[in-house]
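Subject: Structure handover and notes

Hello,

Please find the structure below, followed by notes on what turned up when going through it.

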Amino acid sequence: MASIGQIIFWSMIVLIFVCAGLIILLLAIAFSASQGTVETSAPFPVGNLREDVVLECKFLTKSGTDRSSDVFITWEKEGLTGLVYQYRNNAAQLQDQNTQFKDRAQLFTDAIAGGNASLLLRSVKMTDDGVYYCNVGAPGVWGRVRIDLRVSVYSAPTITKSNSGLRAEAPRWQATPNVTWVDQNGKQLNSSTQFNSSSTGIVQVVSNLPGPLTAAEIYTCFIENFLIKSVSEVTGEGDLKNSYFVTSSSQKMLPLPLFGTTPLLLYMLAW
């Protein structure tokens, strides 16, 4: 008959083997889950005050796509108590949402099954500026990406013919931007610019490029601050050919994998 000591000894051996088996199982599941990817091609978006902005987050599972009911998405903001947005069991779960984002944050729910976990943030505020994390869990993937949202005030100018030259008027910029004009060869041209500041610190930009100008030549007006640049291409007759914005950084953010078993356990507990 086995003694109490032997019973305890063999019980501990069995317990060790059981724990080891569980660890191996969790590691195997974690390895399987890591085969998918979570990423963004726009890690440094610039939101325009009081306008909407999209924080891009895409994921790809081993199977390529998954049912939206199998996907767990959480958006967080660094330093913020509560969540920005959470999606689980095919529906928004907003019990822990910070009031700053109430009725302002949403996902593109029709596109989740296709791998779109992007966040639409409406009517951007200056307080929205900061670091966001998109966390995605699905049967074939678990990962997160970091997105640095910067908020500014900017607008494309309206360019018109003014005597023999051109006149550009942009109604709203944050602080005082730099304004330059160049010809189609990239040569900087002489111009004069006025900045009209409001009590809120928003600046109206009025810039004049004197003539005479060549009617068929393309002239470019740049208005920029440290976050964003407005580019407007126009003929000497005032016909707008192209207008767009360029952010201060277009560096691609690589996905940030989550190692270890804690994220996996959180994912499992979400169901």
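**Strand pairing around E10**

E10 and E11 pair in the antiparallel sense over nine bridges. Please keep in mind throughout that this is a predicted model. The two strands form a hairpin with two residues between them. E10 covers residues 130-138, and nine of its nine residues are buried, so the strand is largely enclosed by the rest of the structure.

E10 also pairs with strand E5 (residues 72-77), again in the antiparallel sense, over six bridges. Asparagine 135 appears in both pairings: its bridge partner in the one with E5 is threonine 74, and in E11 the residue opposite is arginine 144. Arginine 144 has a further role in the list of contacts, as it lies over the face of tyrosine 133, at 4.2 Å from the ring centre.

**The hairpin of E16 and E17**

Strand E16 (residues 192-197) pairs with E17 in the antiparallel sense, over six bridges. Within this pairing, serine 192 stands opposite asparagine 208 in E17. Four residues lie between the strands of this hairpin, and glycine 201 takes a positive phi near 90° there.

**The loop between E17 and E18**

After strand E17 (202-209) comes a loop that leads to strand E18 (218-224), and glutamate 217 lies in it. Proline 212 is placed in the loop between E17 and E18 as well. The peptide bond that joins glycine 211 and proline 212 is cis, with omega at about 5°.

Which side chain of opposite charge is nearest to glutamate 217, and how far away is it? It is lysine 187, at 9.3 Å. Glutamate 217 is buried yet has no salt bridge; the cut-off for a salt bridge is 4 Å. Leaving out residues up to four places away in sequence, glutamate 217 touches Asp183, Gln184, Val234, Thr235 and Gly236.

**Aromatic pairs**

The count of aromatic pairs comes to four. One of them is formed by tyrosine 154 and tryptophan 173, which are tilted, with 6.3 Å centre to centre and 55° between the planes. Tyrosine 154 lies in the loop between strand E11 (141-152) and strand E12 (158-162), while tryptophan 173 lies in strand E13 (residues 165-174), so this pair ties together parts that are 19 residues apart in sequence. Both residues count as buried: tyrosine 154 has 9% relative accessibility and tryptophan 173 has 0%.

Tyrosine 154 also pairs with phenylalanine 245; the ring centres are 5.0 Å apart and the planes are at 70°, so the pair is edge-to-face. Phenylalanine 245 lies in strand E20 (residues 240-247), so here the parts tied together are 91 residues apart in sequence. At 37% relative accessibility, phenylalanine 245 counts as partly exposed. Taken together, ring pairs link Tyr154, Trp173 and Phe245 into a cluster.

**Glutamate 224 and its surroundings**

Glutamate 224 lies in strand E18. With a relative accessibility of 26%, glutamate 224 counts as partly exposed. Not counting residues up to four places away in sequence, glutamate 224 touches Trp173, Pro177, Asn178 and Lys229. Trp173 is thus named here as well as in the ring cluster.

Lysine 229, another of these contacts, lies over the face of phenylalanine 222, at 5.1 Å from the ring centre. The C-alpha atoms of glutamate 224 and valine 246 are separated by 9.1 Å, and the two residues are 22 apart along the chain.

**Backbone points to check**

Two residues other than glycine come up here for a positive phi.

- Asparagine 90 has phi near 65°. Asparagine 90 lies in the loop between strand E6 (85-88) and strand E7 (91-92), and is partly exposed, with a relative accessible area of 42%.
- Alanine 175 has phi of about 60°. Alanine 175 is found in the loop between E13 and strand E14 (178-182), and counts as partly exposed at 45% relative accessibility.

Regards

Notes
Residues numbered from 1 in each chain as written. Predicted model: local features only at pLDDT ≥ 70, side-chain atom pairs only at ≥ 80, totals over all residues. Heavy atoms only, no water. Buried < 20%, exposed > 50% of the residue type's maximum accessible area, 1.4 Å probe, protein only. Lys, Arg positive; Asp, Glu negative; His and termini not counted. Contact = heavy atoms within 4.5 Å. Phe/Tyr/Trp six-rings, centres within 6.5 Å; stacked < 30°, edge-to-face > 60°. Lys NZ or Arg CZ within 6 Å of the ring centre and 35° of its normal. Pairing = 2+ DSSP bridges.
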